[in-house]
Amino acid sequence: MITDLPSLASAIPDGTLLAIPADYGGPSLAVTLELIRRKRRGLRLVTAPTSGLQADLLIGAGVVTEIETAGISLGEYGAAERFRAAWSAGTIAVKDSTCPALHAGFQAAEKGVPFLPLRGILGSDLLKRRPDWKVISNPLADEPDPIVLVPAIRPEVALFHAPLADRHGNVWIGMRRELATLAHASSRALVTAEELYPGNLLDDPLRAPGTLPHLYVDQVALVPGGSWPLTDPSSLALYAEAARTQSGFANLVREWLHG
Amino acid sequence: MADPRLLAALLADAVAGSRTIAVGSNSPIPAAAALLAQRRRPETTISILGSSRHNPFPDGGRELFDFAAQGRLDAFFLGGGQIDGAGNVNLLQAGGIRFPGSYGSAYLMPLVPNIVLFREEHSRRVLVPRVEFISAAGRPRRLVTGRAVFGGGEDGFVLLSAHPGETEESIRAATGFAFATAPGFGPSPTPPPEELAWLRGPIADELAQPYPRFAQILRGSHA
C-alpha cells in the first residue's frame with residue numbers, strides 16, 4: 001500500500017487513460033516528471049475538470065495522444081503553449097468538454113450507471129462536437145423538457161497529490177472532494193502525499209469526512225514537495241516563458257529532470 | 001489600458017443586489033469585483049475559484065454547478081475570446097487560434113440569472129457580428145469592456161456608458177456588432193476614494209493568494 005515514486009510511475013503504462021485534477025486541485029507533478037523521464041507514450045488524459053502546467057508538460061514531452069478537458073491554461077502566467085502547439089499541429093486529439101459534464105461523467109461512473117442527465121449546455125456548439133452526449137426529452141415531464149445526457153467516464157488510473165496519508169493507505173483530501181469522486185470513478189487511484197499522518201485518518205472525526213478510504217487507493221507514496229514546480233511562482237514564470245518554443249520547453253524540462 | 005480598479009467597480013455595479021456571486025478560472029478583475037461587491041453588501045456570499053479563503057463549497061468542484069442548476073447562484077462572470085451581438089461567447093477557437101477552452105460557460109450561461117460578460121480588450125477582433133464557435137449561448141445582463149459598459153436585452157446590447165477618453169463614436173468604431181445607445185448614455189462612473197482604497201489595500205491582499213501578479217497591479221498607483 002505505501003510504496004515509492006518509481007513504483008507509482010510503473011503503474012501507469014503506455015496508453016493509460018489517466019485522470020488528473022486541476023492545477024489548483026492537487027496534481028502530482030513528481031509522478032508527472034517521472035513519466036516524462038521514462039518516456040511514456042500514448043497516454044490519454046482526462047482532466048477533472050481542467051488542467052494547466054501538468055497537462056502542458058505531458059503534451060510538450062510527447063507523452064499524450066488524446067485529452068478530454070474543459071480548458072487548459074497557465075492562468076496568470078499565460079496560455080498553455082505546448083497544448084496550443086499540439087492542437088495546431090494536430091498531434092493530439094482534443095475532446096472538448098465543459099466542467100460540470102466532466103464532474104457528472106465521473107459521478108456516473110462512481111454510481112455505476114451509464115450516464116447522468118445535466119441541465120444547461122443547450123445552445124452550445126459543444127453538443128455538435130460531442131456525438132457521445134445525447135439530448136433527450138425528459139421522460140418524466142408532461143411538457144417538452146430537453147435535457148443533456150453525458151456518459152460515465154471510467155479512467156484506468158486517477159493520479160493526485162494529497163496533503164496527508166496514513167499507514168493504512170487512507171488519504172486526507174479535505175475540501176477537494178472531487179478527488180474522492182475521481183478515485184471512486186477510476187479502476188485504480190495512485191497518490192503521492194506530502195506528509196505521513198501518524199494514526200488512522202478514519203479514527204479522527206474531524207479528519208474522516210475529508211478522507212478518501214484505502215478501499216479506493218491502490219498505492220500511496222510519501223513525496224514531500226510532490227506538487228513542485230506548481231508551488232513556486234518563479235518556476236512557473238520561467239516555464240511560461242520557455243514553453244513558447246519547443247526547444248525552450250525541452251531545455252527547461254531537461255534541467256528540471258536532471259538539475 | 002483601462003484602470004483595473006475602475007473595471008472592478010463597474011463589474012461590482014453589474015452584480016449589485018446579488019446574494020451569491022461566483023468567479024471562475026482566469027478572472028482576476030471579476031474576483032476583485034466580487035470582493036468589492038461583498039464590501040458594499042456584507043451579507044453577500046462569494047466564491048472565487050482557486051482561493052482557499054473564498055470557497056463556500058466544501059463538497060468539491062461539482063457543488064457550485066449543482067448549486068447553479070437549482071437556481072441558487074445569482075451571478076457569474078464570463079469572458080470570451082469572441083463575443084457577439086447576440087451575447088454568445090466563444091472560449092474555444094477562432095481563426096485557427098486555440099483558446100483555453102469553454103470551462104463552465106456552456107452550462108452556467110443558461111442557468112445563472114445574472115451573467116456578466118467581461119473582456120478588457122474592446123476591439124472588432126473580439127466583439128464580432130457572429131462568434132465562430134458558440135461555447136455558451138444565453139442572455140447576459142451586462143457586458144463590461146476596457147472601454148464601455150453595455151446592457152443586455154432581448155434585441156442585443158445597449159451602450160450604457162463609456163470610460164474616460166471614449167465617446168459613443170469611438171465605441172462604435174471599435175465594436176464589430178450593431179448596438180443601440182441608451183437614452184441616459186454618459187461617462188462610466190468612477191469609484192469613490194473609499195472604494196479605490198479598498199481595492200488597493202484589503203482586496204489586493206485577499207487576491208494575493210489566487211492572483212499574486214494581479215494583486216501587485218491592484219496595489220500599484222498607476223492610472
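**Note on the predicted two-chain model**

1. In chain B, strand β4 (residues 82–84) and β9(B) run parallel and are joined by 2 bridges. Within this pairing, Leu127(B) of β9(B) is the residue opposite Ile83(B). The structure under review is a predicted model, and the points below should be read accordingly.

2. The pairing just described belongs to an open sheet of 3 strands in chain B, ordered β5-β4-β9, with mixed pairing. The edges are taken by β5 (89–90) and β9 (127–128) of chain B; each has a single partner strand, so one side of each is left without a neighbour in the sheet.

3. Beyond β9 of chain B, Ile134(B) deserves separate mention. This residue is placed in the loop that links β9 to β10 (142–145) of chain B. Its relative accessibility is 11%, and because the cut-off for a buried residue is under 20%, Ile134(B) counts as buried. The contacts of Ile134(B), apart from neighbours within four places in sequence, involve both chains: Gly123(A), Ser124(A), Asp125(A) and Leu126(A) from chain A, with Asn88(B) and Val89(B) from chain B. Although Gln82(B) is 52 residues away along the chain, its C-alpha atom is separated from that of Ile134(B) by 9.2 Å.

4. The interface as a whole involves 35 residues of chain A and 37 residues of chain B. About 2900 Å² is buried between chain A and chain B, with carbon and sulfur atoms accounting for 59% of it. On the chain A side, Glu76(A), Trp87(A) and Met175(A) provide 22% of the area buried against chain B, more than any other three residues.

5. Chain A also holds an open sheet of 3 strands, in the order β6-β8-β7, and here the pairing is antiparallel. Its edge strands are β6 (115–118) and β7 (134–137) of chain A, each with a single partner strand, so one side of each is left without a neighbour in the sheet. From one strand to the next, the twist averages 35 degrees. Four residues long in its numbering, β6(A) pairs with strand β8 (residues 146–151) of chain A over 4 bridges in the antiparallel sense. Pro117(A) has Leu149(A) of β8(A) as its bridge partner.

6. Helix α5(A) is laid across β6 and β8 of chain A, and its direction is at about 140 degrees to β6(A). The same helix, α5 (99–111), is also among the elements that cover the buried residues of α7(A).

7. Helix α7 (residues 177–185) of chain A is largely enclosed by the rest of the structure, because 7 of its 9 residues are buried. The buried residues are Glu178(A), Leu179(A), Ala180(A), Thr181(A), Leu182(A), Ala183(A) and Ala185(A). Besides α5, their cover includes the chain A strands β2 (17–21), β3 (43–48), β9 (157–165), β11 (188–196) and β12 (211–212).

8. A further helix pair in chain A is formed by α3 (residues 53–60) and α9 (residues 246–258), which pack at an angle of about 105 degrees with their axes 11 Å apart. The two helices, α3(A) and α9(A), are therefore roughly perpendicular to each other. From α3(A), the residues Asp56(A), Leu57(A) and Gly60(A) meet Gln246(A), Phe249(A), Val253(A) and Trp256(A) of α9(A). By class, the residues of this contact comprise 4 nonpolar, 2 polar and 1 charged.

Terms used: Residues are numbered from 1 along each chain as its sequence is written. Chains are lettered from A and ligands numbered from 1 in the order in which they are written. This is a predicted model: local features need pLDDT of at least 70, side-chain atom pairs count only at pLDDT 80 or more; totals for chains, interfaces and linings use all residues. Side-chain values use heavy atoms; hydrogens and water are left out. Buried means under 20% relative accessible area, exposed over 50%, partly exposed in between (1.4 Å probe, protein chains only). Contact means heavy atoms within 4.5 Å. Two strands pair if DSSP finds at least two bridges between them. Axes are lines fitted to C-alpha atoms, for helices over the stretch in contact, and angles run from 0 to 180 degrees between N-to-C directions. Angles under 35 degrees count as roughly parallel, over 145 as roughly antiparallel, 65 to 115 as roughly perpendicular and the rest as oblique. Ala, Val, Leu, Ile, Met, Phe, Trp, Tyr, Cys and Pro count as nonpolar, Asp, Glu, Lys and Arg as charged, and the others, Gly among them, as polar. Buried area is the accessible area (1.4 Å probe) that two parts lose on being put together, summed over both.
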